[in-house]
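Q: Please take a close look at one loop residue in this protein. Then work outwards from there to the surrounding parts and the whole chain.

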Amino acid sequence: LGMNDTAFKITPAMRERLAKIHARDDKGNWQPIDLEIPQEPEFEMGGGGLYGTTGDYLKFVRMILNGGTGNGNRVLKAETVKLMSTNQMGATNVHLLKTAQPGSSNDAEFFPGMEKKWGLTFMINTTKAPTGRSPGSLAWAGLANTYFWLDSTKGIGGAYSTQTLPFADAKALPL
């Protein structure tokens with residue numbers, strides 16, 4: 001895909017451009033914090049620890065929108081993308097996500113009151129979202145208030161990236 005700025009281990013070139021994570025202090029002001037995923041982890045977690053740029057992530061978004069093809073290369077089978085994007089939890093719905101670590105994450109619920117499902121990779125809104133996203137659109141997020149969405153009906157997607165904690169920040173989330 002040409003995602004040359006994405007890796008589990010930070011390269012020297014990436015470290016030169018690495019944005020410091022910030023958290024709000026007691027007065028609501030941003031303060032830098034020292035937080036880095038171990039560079040020699042026991043295993044590389046698919047659910048956390050990947051470093052990258054928003055531009056690189058948009059290449060991933062475009063590949064999914066293109067049914068598994070990106071940068072002129074077939075990366076995933078179209079059938080795989082369909083499985084990743086199809087309800088995998090039956091009648092169960094996504095509800096409020098309660099935090100287990102309040103310093104790192106707030107409770108979070110995307111589109112409260114709206115039916116949402118999980119595919120193998122993404123959260124799926126089943127009806128039109130208040131933002132205008134089509135039914136069947138895909139989305140998810142990263143701990144440092146990074147968010148992405150894909151609307152395959154309209155053929156568009158987007159990403160919004162910060163480097164702030166806790167997740168689902170009251171001021172970052174509405175954006």
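**From one loop residue to the whole chain**

A: M45 has a relative accessible area of 38%, so M45 counts as partly exposed. That value falls in the partly exposed class because buried means under 20% and exposed means over 50%. The model is a predicted one. M45 sits in the loop that joins β2 (30-32) to α2 (54-65). One distance helps to place M45. A23 is 22 residues away from M45 along the sequence, and the two C-alpha atoms are 23 Å apart in space.

Step back into the strand before that loop. Q31 belongs to strand β2. Q31 is also partly exposed, because its relative accessibility is 37%. Beyond residues up to four places away in sequence, Q31 touches I21, H22, A23 and D25. So A23, the residue used above to place M45, is one of the contacts of Q31. I21 lies 10 residues from Q31 along the chain, with 8.5 Å between their C-alpha atoms.

H22 leads on to the end of the strand series. H22 is in contact with T164, as are W30, L143, A144 and N145, with neighbours within four places in sequence left aside. T164 is part of strand β10 (residues 164-165). T164 is buried, because its relative accessibility is 10%.

Now follow the chain past β10. Here the backbone has two features to check. Most residues other than glycine have a negative phi, and most peptide bonds are trans. The peptide bond from L165 to P166 is cis, with omega near 0°. P166 itself lies in the segment after β10. A168 is found in the segment after β10 as well. A168 is not a glycine, yet its phi is positive, about 60°. A168 counts as buried because its relative accessible area is 7%.

One of the contacts of T164 has a similar backbone note. N145 is a residue other than glycine with a positive phi, near 60°. N145 is located in the loop between β7 and β8. Its relative accessible area is 0%, so N145 is buried.

The strands on either side of that loop bring in the aromatic rings. Across the whole structure, a search finds nine aromatic pairs. One of them is F110 with W140, an edge-to-face pair with 5.5 Å from centre to centre and 65° between the planes. F110 comes from the loop between α3 (78-84) and β5 (116-118), and W140 from strand β7 (residues 137-142), so this pair ties together parts that are 30 residues apart in sequence. The two partners differ in class. F110 is buried because its relative accessible area is 14%. W140 is partly exposed, because its relative accessibility is 24%.

F110 also pairs with Y147, again edge-to-face, at 6.3 Å centre to centre and 70° between the planes. Y147 is in strand β8 (residues 146-151) while F110 is in the loop between α3 and β5, so the pair ties together parts 37 residues apart in sequence. Here both F110 and Y147 are buried. The wider ring cluster, linked by ring pairs, is made of F110, W118, W140, Y147, Y160 and F167.

One more loop deserves a look. S134 is placed between β6 (123-125) and β7. S134 is buried, because its relative accessible area is 7%. Residues up to four places away in sequence apart, S134 touches N125, T127, D151, T153 and K154.

Finally, the whole chain. The protein has three helices and 10 strands. In sequence order the pattern runs α-β-β-α-β-β-α-β-β-β-β-β-β. The radius of gyration is 17 Å, close to the 16 Å that the globule rule gives for 175 residues, so the protein is as compact as a globular protein of that length. Its C-alpha trace spans about 40 × 40 × 30 Å along the principal axes. Of the 175 residues, 31% are buried. Among contacts with a separation of 6 or more, 46% join residues 24 or more positions apart. The accessible surface is about 10600 Å², and carbon and sulfur atoms hold 56% of that surface. The protein has 18 positive and 16 negative charges, and the mean positions of the two sets are 8 Å apart.

Note on methods
Residues are numbered from 1 along each chain as its sequence is written. This is a predicted model: local features need pLDDT of at least 70, side-chain atom pairs count only at pLDDT 80 or more; totals for chains, interfaces and linings use all residues. Side-chain values use heavy atoms; hydrogens and water are left out. Helices (H or I, at least four residues) and strands (E, at least two) are DSSP runs, numbered from the N terminus. The radius of gyration is taken over C-alpha atoms; the globule rule is 2.2 Å times the number of residues to the power 0.38. Buried means under 20% relative accessible area, exposed over 50%, partly exposed in between (1.4 Å probe, protein chains only). Contact means heavy atoms within 4.5 Å. Accessible areas come from the Shrake-Rupley method with a 1.4 Å probe; for residues, only the protein chains shown count as cover. Lys and Arg count as positive and Asp and Glu as negative; His and the chain ends are not counted. The place of a charge is taken as NZ of Lys, CZ of Arg, CG of Asp or CD of Glu. Rings of Phe, Tyr and Trp (its six-membered ring) pair if their centres lie within 6.5 Å; planes under 30 degrees apart count as stacked, over 60 as edge-to-face and the rest as tilted.
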